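Q: Can you walk me through this one? I have the picture open and would like the basics.

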Amino acid sequence: MAKVIVIAFHLLMVLHYGYSIKFYLLDLKPPEFMKKVNDIFGGPFKFLTFWDMLVQFFYFVVAFSNDLFGSSALDREKQSLLQKFRDFSFSTVVFFLGSMVSIVFWLLFNLNRDLIFPELFDAWFPSWLNHAIHTVPVAGVVVELVLVPHAFPSRSVGFAMVAGVCFLYLVWVSYIAYLTGFWVYPILETLPMAGRALFIGACSLLCSFMYVVGEGLNNKYWGAPIKKKVK
């Protein structure tokens with residue numbers, strides 16, 4: 001019964017993110033000024049939210065494939081390549097990115113929504129889609145952590161992956177700003193250089209913190225067999 005629940009959850013997440021991505025790319029009817037924003041270098045790939053949607057979608061495709069064709073062994077010697085890739089991607093990218101996107105978005109939204117999602121967006125951006133891409137990620141990764149045990153790598157490997165993803169997106173966003181003069185998020189445009197650096201630094205620290213939270217919750221919930229780190 002437990003395996004059926006896991007398979008059903010993974011399939012639900014695949015369908016959820018697949019449909020959300022399709023609606024986001026093909027069915028949204030933004031006003032003219034947003035079409036111009038979308039046409040700026042990078043298209044939807046400018047936004048970390050879109051990165052997260054793709055990461056979550058492909059992760060759950062891998063997890064669902066592993067349910068059908070892979071393994072669910074605690075002993076790494078008996079794990080399929082699909083399971084090893086599932087565990088590594090979840091522990092080093094999927095959990096922290098899904099958590100961070102939801103936490104930062106809703107924190108800024110409640111402090112001053114003009115910094116992240118101005119009220120005028122409500123006229124053309126459906127509320128369900130907003131929750132689909134900004135609320136479901138943290139809920140999805142927490143449910144995944146509760147339903148499925150994951151082997152986490154060593155802290156050095158985990159932090160290196162977190163730092164790599166953060167650095168890659170920072171370089172990407174800075175390059176877009178340098179090339180076009182456009183900052184992807186209003187808060188980055190509003191803040192002075194020092195404030196921008198502090199905000200980016202705080203987000204990077206949050207990412208590292210969420211990695212530790214994911215590792216801690218996974219080990220606490222699933223116990224000793226999962227505490228053996230992958231070298």
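**Rings, helices and surface**

A: Start with a cluster: ring pairs link Tyr24, Phe45, Phe50, Phe105, Trp106, Phe109, Phe117, Phe121, Trp124 and Phe125. Keep in mind that this is a predicted model.

Q: How many aromatic pairs does the structure hold?

A: The structure has 28 aromatic pairs. One of them joins Tyr17 and Phe60, and that pair is stacked. The ring centres are 6.3 Å apart, with 10° between the planes.

Q: Why does the pair of Tyr17 and Phe60 tie together parts that are apart in sequence?

A: Look at the helices. Tyr17 is in helix α1 (residues 2-27) and Phe60 is in helix α3 (residues 48-69), so the pair ties together parts 43 residues apart in sequence.

Q: Is Tyr17 buried or exposed? And Phe60, buried or exposed?

A: Tyr17 is buried, at a relative accessible area of 1%. Phe60 is buried too, at 0%. Buried here means under 20%.

Q: What kind of pair do Phe23 and Trp128 form?

A: Phe23 and Trp128 pair edge-to-face. Their centres are 5.0 Å apart and their planes are at 70°. Phe23 lies in helix α1 and Trp128 in helix α5 (residues 127-134), so this pair ties together parts 105 residues apart in sequence.

Q: What are the relative accessible areas there, for Phe23 and for Trp128?

A: Phe23 has 15%, and counts as buried. Trp128 has 39%, which makes Trp128 partly exposed.

Q: Let's zoom out. How many helices and strands does the chain have?

A: The chain has nine helices and zero strands. Along the sequence, the pattern reads α-α-α-α-α-α-α-α-α.

Q: Why call the chain as compact as a globular protein of that length?

A: Compare two numbers. The radius of gyration is 18 Å, and the globule rule gives 17 Å for 231 residues; the two are close, so the chain is as compact as a globular protein of that length. The C-alpha atoms fill a box of roughly 55 × 35 × 30 Å along the principal axes.

Q: What share of the residues is buried?

A: Of the 231 residues, 47% count as buried.

Q: And what about contacts between residues 24 or more positions apart?

A: They make up 78% of the chain's contacts with a separation of 6 or more.

Q: New topic, the surface. What area does the chain expose?

A: About 12000 Å². Carbon and sulfur atoms supply 72% of that area.

Q: How many positive and negative side chains are there?

A: There are 18 positive and 14 negative side chains. The centres of the two sets lie 9 Å apart.

Note on methods: Residues numbered from 1 in each chain as written. Predicted model: local features only at pLDDT ≥ 70, side-chain atom pairs only at ≥ 80, totals over all residues. Heavy atoms only, no water. Helix = DSSP H or I, 4+ residues; strand = E, 2+ residues; numbered from the N terminus. Rg over C-alpha atoms; globule rule 2.2 N^0.38 Å. Buried < 20%, exposed > 50% of the residue type's maximum accessible area, 1.4 Å probe, protein only. Contact = heavy atoms within 4.5 Å. Areas by Shrake-Rupley, 256 points an atom, 1.4 Å probe, with all protein chains shown as cover. Lys, Arg positive; Asp, Glu negative; His and termini not counted. Charge placed at Lys NZ, Arg CZ, Asp CG, Glu CD. Phe/Tyr/Trp six-rings, centres within 6.5 Å; stacked < 30°, edge-to-face > 60°.
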